[in-house]
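Welcome! Please take a moment with the sequence and the structure below, and then read on for a short tour of charged pairs and cysteines.

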Amino acid sequence: MIIFVVGFFITAFFYVALVFLSAFTLVLCVEYFMLFHQKKGITSERIIADRFSNGDANEVTIKIQNNYGFSCDLLIIDELPFQLQERSFSISDSLSKYSKKSVQYDVNPKERGVYEYGAINIYVSTLTKFIRKKYTFSANQKVAVYPSFLNLRKYELFASRTALLPNGIKRTRKIGQSSEFEQIKEYVLGDDLRHVNWKATAKRQHIMVNHYQEEKAQNVYLLIDKGRTMKMPFNGMSLLDYAINASLMLANISIKKQDKAGLWTFDKKTDIFLKADNKTLQLRRIIESLYSITTDFKESNYEYILSESLKKIQKRSLLILFTNFETVDALKRQLPYLRALAKKHVVLTVIFENTLLDEIYSKKINSTKDIYIQTIASKFVHEKYLIMQELQLHGIKTIYTKPADLSINLLNKYLEIKQQEII
């Protein structure tokens, strides 16, 4: 363009511009022929797992094959499910002649359900990059997003006695001993002298002690409140989804430790009830049940839960209640029923920390309005601590945790209760 402008004043430059234009047009024609003379110059397919894990990074692979006899530059636009809300997703790459390549990327779903992928669009260019040929591969695929299952193995390692413990996991001193007898063995340094078997000692002429093993096959019920307060979002996921992911993790750990895991979801009435069991298929039943749980914004009925528990749960059990009391008044309406449950069972209540309030409370004050906002925020934070104190005062165990730290804190508390043998 600049040469043409100069050529308007100097004739020689005009002819030079014509030569450059002709050469460029010829190159574009060659490039067009190279890209469009072959119908299937590029082939592609998408490889995804049968199911995705909610709240985790799930890998997606796009396999691409170049059938051209020259290298290409690629712009890959994969049509992602609408739930991911990615409107400008693209990948730039290159591919040498007659070669194959696999391109990977991760997706992090924030809600359960069925996700549907659309087509794969690949724009191919070479030489000048002024011409692109579009290839569209109809790769419509559906994938179900289940509660978080990718991290189950990681938490199994955390729960094992030989694993290195990360921040947040701590050992507790074992209180008392189990009454489940295992064997009589010779005394070794460190054995409890209270368990000396005097008859066996006199017979063998060596100090013999009774050896007890950890009591197993205890009932662990996961009670998930589906009320309106559990719909509150944090980092794109609802409190209900955090509770579901933690429930699946603990169900897996408790079954691995030969305890019996059960599930109870409720709002006004019981939605799902799975009797505690430690059979192989129990974890699969729990996963399938958790997949479809939603909230309908009703107020949960704890009186109904108390009356139903007398019928459904006869044996003393660990009841882990996932709920979210925001005020002391909300707790006091349900406290009589929780106290009644705690008389027969060990009740562990999960209370979620409102991290947004912490951010507001820690902000620098710049105006009178900020003072009012921080005062209100500090009131709600203080209410949470009063709720914890009220529960603990009545013998109800609590976990006060950030939603993102729920799984690790819940695992820690479960191991602590197991070691204290209070179930």
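## A charged pair within one helix

Lys311 has a relative accessible area of 61%, so this residue is exposed. Before we go further, please keep in mind that the model you are looking at is predicted. The salt-bridge partner of Lys311 is Glu308, and the closest N and O atoms of the two are 3.4 Å apart. With a relative accessibility of 13%, Glu308 counts as buried.

Where do Glu308 and Lys311 lie? Both belong to helix H7, which covers residues 302-312, and they sit 3 residues apart, about one turn of the helix.

## A pair that links two loops

Next, have a look at Asp267 and Lys226. Their closest N and O atoms are 4.0 Å apart, and the two form a salt bridge. Asp267 is found in the loop between strand S16 (260-266) and strand S17 (270-277), while Lys226 is in the loop between strand S13 (219-225) and strand S14 (233-234), so this pair ties together parts that are 41 residues apart in sequence.

Are these two residues buried or exposed? Asp267 and Lys226 are both buried.

## A partly exposed pair, and the total

Another salt bridge to find is the one between Lys101 and Asp93, with the closest N and O atoms 3.0 Å apart. Lys101 is partly exposed, at 30% relative accessibility. Asp93 is partly exposed too, with a relative accessible area of 24%.

How many salt bridges are there by the rule used here? The count comes to 14, and the pairs described above are among them: Lys101 with Asp93, Asp267 with Lys226, and Glu308 with Lys311.

## Cysteines without a bond

Now for the cysteines. How many disulfides does a search of the whole structure find? The search comes up with 0. To be counted, two cysteine sulfur atoms would have to be within 2.5 Å.

Why does Cys29 have no such bond? The closest cysteine sulfur to that of Cys29 belongs to Cys72 and is 19 Å away, which is too far for a bond. Seen from Cys72, the closest cysteine sulfur is the one in Cys29, again 19 Å away and too far for a bond. As for their surroundings, Cys29 counts as partly exposed, at 47% relative accessibility, whereas Cys72 is buried, with a relative accessible area of 2%.

Note on methods. Residues numbered from 1 in each chain as written. Predicted model: local features only at pLDDT ≥ 70, side-chain atom pairs only at ≥ 80, totals over all residues. Heavy atoms only, no water. Salt bridge = Lys/Arg side-chain N within 4 Å of Asp/Glu carboxyl O. Buried < 20%, exposed > 50% of the residue type's maximum accessible area, 1.4 Å probe, protein only. Helix = DSSP H or I, 4+ residues; strand = E, 2+ residues; numbered from the N terminus.
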